[in-house]
Amino acid sequence: MTETKRTTVTLSKTYMDLIDELVGVFGRTQAAVITNIVQHFFNNSNNFPLLEELRSRKRKQPDITNIELKLQKLLKGTKTIKLSHFLEYLEIDRDFLFDQLEDWKKKFNLKLDYDKIIKSDEN
């Protein structure tokens, strides 16, 4: 069975009237119609560029001070970390990492080795 999560959606009367028109055609209930509309939107490849743009907006403005504090804490406890875990922990994307990488190499003695971040012992 697919894992699901519940939420409450509030729509204007105009949209609810449109939803009601689709009950029985696009789903058996209002909730089913709304679910099908949302799934259709996310599955439509024409919407992929918009979705990627929205995701990138969310990732674009990281707080560098907070990220560097998290990075200091992380490096106190490990010498190597998988790149995917590193990005996830710092809540950054690859583009941001590569923008910061030269500075971080000097500041934190880091090396990027394929899919790992390695804390270097050399100064």
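Which residue in β3 does aspartate 113 stand opposite? That would be lysine 116, and the hairpin around this pair is a good place to start. Bear in mind throughout that this is a predicted model.

1. **The β2-β3 hairpin.** β2 and β3 run antiparallel, with four bridges joining them. Two residues sit between the strands of this hairpin, and tyrosine 114 takes a positive phi near 55 degrees there. Tyrosine 114 belongs to the loop between β2 and β3. As for its surroundings, tyrosine 114 has 73% relative accessibility, so it counts as exposed, the cut-off being over 50%.

2. **A second positive phi.** Asparagine 109 also deserves a look in your backbone check, since its phi is near 55 degrees, again a positive value in a residue other than glycine. For background, most residues other than glycine have a negative phi. Asparagine 109 lies in the loop that runs between α6 (94-108) and β2. With a relative accessible area of 23%, asparagine 109 is partly exposed.

3. **The sheet as a whole.** Stepping back from the hairpin, we have an open sheet of three strands, in the order β1-β3-β2, and the pairing is antiparallel. β1 (80-82) and β2 (110-113) are the edge strands, because each of them pairs on one side only. On average, neighbouring strands of this sheet are turned by 20 degrees against each other, direction ignored. As a reminder, strands of a sheet pair through backbone hydrogen bonds, either parallel or antiparallel.

4. **The β1-β3 side.** Strand β3 covers residues 116-119 and pairs with β1 in the antiparallel sense, over three bridges. If you want a particular pair to click on, threonine 80 has isoleucine 118 as its bridge partner in β3.

5. **Helix α5 on the sheet.** Helix α5 (residues 83-90) packs on the sheet and touches β1, β2 and β3. The direction of α5 makes about 85 degrees with that of β1. Glutamate 88 lies in this helix. Is glutamate 88 buried or exposed? Its relative accessible area is 60%, so glutamate 88 falls on the exposed side of the over 50% cut-off. For a distance check, the C-alpha atoms of glutamate 88 and glutamine 100 are separated by 16 Å, and the two residues are 12 residues apart along the chain.

6. **A buried glutamate in α4.** Now have a look at glutamate 68, found in helix α4 (residues 64-77). This one counts as buried, because its relative accessibility is 16% and the cut-off is under 20%. What does glutamate 68 touch, not counting residues up to four places away in sequence? The answer is Trp104, Lys107 and Phe108.

7. **Glutamine 30 and its neighbours.** Over in helix α2 (residues 30-43) we find glutamine 30. Leaving out residues up to four places away in sequence, glutamine 30 touches Met16, Ile19, Asp20 and Val23. Its relative accessible area is 35%, which makes glutamine 30 partly exposed. Along the chain, glutamine 30 is 39 residues from leucine 69, and the C-alpha to C-alpha separation in space is 47 Å.

8. **Aspartate 20, one of those contacts.** Aspartate 20 lies in helix α1 (residues 13-22). Its C-alpha atom and that of glutamine 30 are separated by 6.5 Å, with the two residues 10 residues apart along the chain. Aspartate 20 is partly exposed, with a relative accessible area of 38%.

9. **The largest pocket.** If you're thinking of running anything on the pockets, the largest has a volume of about 520 Å³. It is lined by 13 residues, and the closest to its centre are Lys5, Arg6, Thr7, Ala31 and Thr35. How does the lining of the largest pocket divide into nonpolar, polar and charged residues? There are four nonpolar, six polar and three charged.

Technical notes
Residues numbered from 1 in each chain as written. Predicted model: local features only at pLDDT ≥ 70, side-chain atom pairs only at ≥ 80, totals over all residues. Heavy atoms only, no water. Axes fitted to C-alpha atoms, helices over the stretch in contact; angles between N-to-C directions. Contact = heavy atoms within 4.5 Å. Buried < 20%, exposed > 50% of the residue type's maximum accessible area, 1.4 Å probe, protein only. 1 Å grid on protein atoms, 1.4 Å probe; cavity = no way out; pocket = protein on both sides within 12 Å on 5 of 7 lines; lining within 4 Å. Points joined across faces, edges and corners; volume = space filled by probe spheres on them. Nonpolar A, V, L, I, M, F, W, Y, C, P; charged D, E, K, R; others polar.
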